[in-house]
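Please look over the sequence and the structure shown here before reading on. The paragraphs below are meant as a guided walk for someone meeting them for the first time.

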Amino acid sequence: MPEVNNAPQPDKSNIQGMILRGFTHPFSCHMVFKFNTRAGAKSFIKAILPYVQSAENWGVDKPGMMLNIGLTFSGITIASDLTRGDMQTFPPEFQQGPISANSQASLNDYGSSLPTGWAFGNKTKQVDCVVHAYALTAAQLEQLVSLISGAAKTAGLTEYLPIDNGTKRLEEYPLMPRFSVHFGYQDGIDQPDLSWSDPPNPNDNGDLRYFLIGHPIGDSGPYPNVGNAGDFAKDGCYNAFRMLYQDSKAFDTFLDDNAESIATKLGKTPAYAKEWLAAKINGRWRNGSPLVLSPDEEDPKTSHATVFGYSGDTTGMKCPFAAHTRVGNPRDEAVFNTEPNPLPRLIRRGMAYGAPPVDKNYNGDRGLIGLFLCGSLSGQFELLYSWINATNFTPLNSNLTGQDGLIANRSKMNPPANTSYTIPTEKGPITIPHLPQFVVTRGTAYCLLPSISTLKSIAG
């Protein structure tokens with residue numbers, strides 16, 4: 001058990017807002033840049049700094065336009081005054097980035113997800129800065145994006161692409177329902193509590209100290225937490241920024257193709273079997289009801305439930321072991337003693353991009369912009385992704401080379417993953433011989449969301 005370090009609660013005015021709260025602005029744009037000069041990097045951050053939103057409570061006056069800023073290891077190297085020795089105290093996975101062999105052992109971005117095909121974040125498209133812009137109206141978003149783009153152009157930055165649900169698309173398509181994804185599920189239901197207990201509780205995986213740099217529970221991190229790099233990173237948080245294509249057509253086809261046979265085995269209608277299968281793949285019904293609480297049908301009363309566990313479902317009869325939400329947050333489930341204590345959690349932010357799935361004729365890109373915030377990229381984000389690609393973390397799962405039913409990459413595992421999916425039922429197991437590929441990686445960047453005082457020091 002790590003030692004505890006009791007310290008004053010951090011100043012919210014110094015923390016970038018998205019770390020402590022999920023922004024609910026209906027319009028957003030995530031902009032990816034490369035710095036070309038040190039002076040340009042500093043002048044760009046200075047130009048957009050007035051719009052950086054802190055974690056302070058804004059009261060009744062919700063900002064019409066605001067943004068947060070992430071810097072990669074290369075971006076910090078270019079923009080900051082840290083020495084080479086200072087930079088070496090950052091975690092290896094942050095230094096090397098998501099395309100390194102060590103990171104890819106967990107992320108498994110092979111096949112159609114190969115980094116060589118990414119829109120950003122590979123060897124030819126170095127990411128230095130990601131700007132997350134939010135607005136209350138389409139006009140305000142357009143104004144803010146224009147301001148950011150203008151500042152980037154003036155500072156000589158390279159922009160790879162805008163990723164947005166912006167105004168031109170909204171003229172043709174309605175907004176995606178808030179907190180929903182293209183597969184039809186409600187999203188963003190369960191997040192870590194981000195508690196700050198006094199004294200700190202090392203067994204609480206929602207303690208803010210596990211996410212915010214410079215306030216460690218033990219000596220192991222988050223880090224860097226000493227020296228110049230520690231001062232630079234304090235009150236910051238790591239962000240694994242992912243652009244993930246969601247093949248909703250493949251997902252709907254998969255559900256339709258299996259609904260008839262499952263309906264026969266269950267003695268139900270194909271329409272019920274389709275939704276039942278979608279729930280068993282995810283671990284929640286599409287309205288959000290967790291299978292553990294509502295195993296037979298969705299229930300509005302449990303649609304946003306977060307207080308439940310898996311210890312009473314040791315056979316997977318209610319929720320399969322490889323269901324997405326069970327893999328991503330095992331809660332009180334028994335795991336191998338080689339896994340960390342407490343079990344890792346992630347702060348998840350993001351948005352759907354592309355036309356809603358109700359438009360069957362839309363052939364453009366659609367998916368999820370995922371922001372996965374953590375204090376340790378390897379110990380939280382990458383560890384959970386390794387569980388997603390090979391559900392081998394719990395002794396309760398007899399298929400220790402299986403995969404997350406929804407978002408795992410089905411290609412190139414060593415040893416090869418079993419892509420079949422077994423759903424226990426009272427009438428006997430139902431096995432899907434092979435799960436298709438539903439999600440493809442389009443880009444990844446490992447960023448630090450620096451404190452506001454650090455951003456000010458960069459801007460001079």
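What follows is an explanation of charge pairs, cysteines and a charged patch in this structure, which is a predicted model.

We begin with the charged side chains, since side chains of opposite charge can pair when their charged atoms come close. A search of the whole structure finds ten salt bridges, and one of these is formed by the side chains of Asp81 and Arg38, with a distance of 2.2 Å from N to O. This pair links distant parts of the chain, for Asp81 lies in the loop between helix H3 (73–79) and helix H4 (84–87), while Arg38 belongs to helix H2 (residues 38–48), and the two are 43 residues apart. The partners can also be placed by their accessibility: Asp81 is exposed because its relative accessible area is 59%, a value over the 50% that marks an exposed residue, whereas Arg38, at 36%, counts as partly exposed.

Other salt bridges involve buried residues. Arg209 pairs with Asp207, their closest N and O atoms being 2.9 Å apart, and both Arg209 and Asp207 are buried. Glu333 likewise forms a salt bridge with Arg326, where the closest N and O atoms are 2.4 Å apart, and here too both Glu333 and Arg326 are buried. This second pair is part of a wider arrangement, in which salt bridges that share partners join Asp313, Arg326 and Glu333 into one network.

The cysteines come next. A disulfide is a covalent bond between the sulfur atoms of two cysteines, and the structure holds zero disulfides. For Cys29, the nearest cysteine sulfur is that of Cys129, which is 13 Å away; this residue is in no disulfide because a pair of cysteine sulfur atoms would have to lie within 2.5 Å to count as one. Cys29 is buried, having a relative accessible area of 0%, and Cys319, also with a relative accessible area of 0%, is buried as well.

Finally, we turn to the surface, where Asp296, Glu297, Glu298 and Glu426 gather in a patch of negative charge. One of these residues, Glu297, can be followed further: its place is in the loop between helix H11 (270–282) and helix H12 (324–328). Glu297 counts as exposed because its relative accessibility is 54%, and the cut-off for an exposed residue is over 50%.

How values were computed: Residues numbered from 1 in each chain as written. Predicted model: local features only at pLDDT ≥ 70, side-chain atom pairs only at ≥ 80, totals over all residues. Heavy atoms only, no water. Patch = residues over 30% accessible without salt bridge, like charges linked within 9 Å, V, L, I, M, F, W, Y side chains within 5 Å. Areas by Shrake-Rupley, 256 points an atom, 1.4 Å probe, with all protein chains shown as cover. Salt bridge = Lys/Arg side-chain N within 4 Å of Asp/Glu carboxyl O. Lys, Arg positive; Asp, Glu negative; His and termini not counted. Charge placed at Lys NZ, Arg CZ, Asp CG, Glu CD. Helix = DSSP H or I, 4+ residues; strand = E, 2+ residues; numbered from the N terminus. Buried < 20%, exposed > 50% of the residue type's maximum accessible area, 1.4 Å probe, protein only.
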